[in-house]
Amino acid sequence: MKKLYAFDFDGTLTTRDTLLVFIRYACGTSSFALGFLRHAHLLVLMKLGLYPNWKAKQKIFSYFFRDMSLADFNALCQRFAADNRQLLRPQGLQAIADAQAEGADVVIVSASIDNWVQPFCPQVTVLGTQIEVINGHLTGRFLTNNCYGQEKVNRLLALYPDRSTYHLIAYGDSRGDQQLLAFADEAHYRPFK
């Protein structure tokens, strides 16, 4: 039976959530602070469970990146990954390398935007939140559901639909990974900390 390794990205393969680091990297500290101040009410409502996480994330993403060209955004993502390799956990990268060495399939399943996750691990398939692009520019909306919770399982099943053909080993570190970890044959919670 084939082995499939599924890794969460933020907090599992990295030392912190990359959304905030990416926005600050892309826009600078002043713009970062102003943008989050403008959206503070949404963040409070989200923390209280009164506003959906994905909607708050999309509004913040839109505020910072709407109308940017896809080419510029992808170039920014490449620079971000190159300049922030220190965010990656060496043990996580070694686990990916070991899985690949044994001939297993390896995927990263992340709520982060796949455009900035992929450059960190170009040799791995990334199932992340995808962004909508029209006429070569970001609309600020998500093309897919936020890849969080049950959506991680859904996205994995879309790529690997016949569950009886593989042994799933999953790695995660947060509430957003619970469904993926429960779905796995082997689950590793916070393994690289």
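A residue counts as buried under 20% relative accessible area, exposed over 50% and partly exposed in between (1.4 Å probe, protein chains only). This is a predicted model, in which local features need pLDDT of at least 70, side-chain atom pairs count only at pLDDT 80 or more, and totals for chains, interfaces and linings use all residues. Residues are numbered from 1 along each chain as its sequence is written, and side-chain values use heavy atoms, with hydrogens and water left out.

**Cysteines.** A disulfide is a pair of cysteine sulfur atoms within 2.5 Å. The count is zero. Two cysteines are set out here.

| Cysteine | Closest cysteine sulfur | Distance | Relative accessibility |
|---|---|---|---|
| C77 | C27 | 11 Å | 0%, buried |
| C147 | C121 | 15 Å | 0%, buried |

For C77, the gap to C27 is too far for a bond. The same verdict, too far for a bond, holds for C147 and C121.

**Sheet.** Helices (H or I, at least four residues) and strands (E, at least two) are DSSP runs, numbered from the N terminus. Strands pair if DSSP finds at least two bridges between them. Five strands make an open, parallel sheet, ordered β3-β2-β1-β6-β7. β3 (125-129) and β7 (186-189) are the edges; each has a single partner strand, so one side of each lacks a neighbour in the sheet. From one strand to the next, the twist averages 20°. Its angles run from 0 to 180 degrees between N-to-C directions, with axes as lines fitted to C-alpha atoms, for helices over the stretch in contact. β1 (residues 2-7) and β6 (residues 166-172) run parallel, joined by six bridges. F7 faces Y171 of β6.

**Largest pocket.** A pocket is an open set of points on a 1 Å grid over the protein atoms alone, where a 1.4 Å probe fits, with protein on both sides within 12 Å along at least five of seven lines; lining residues have an atom within 4 Å of a point. The largest has a volume of about 900 Å³. Volume is the space filled by probe spheres set on the points, which are joined across faces, edges and corners. The lining holds 31 residues, with D17, M46, K47, N53 and Y148 nearest the centre. α1 (18-27), α3 (40-47), α4 (53-65) and β2 (105-113) each give two or more. α4 gives the most, four residues.

**Positive phi.** N135 has phi near 50° without being glycine. N135 lies in the loop between β4 (131-134) and β5 (137-142) and is exposed at 75%. R190, in the segment after β7, has a positive phi of about 50°. R190 is partly exposed at 43%.
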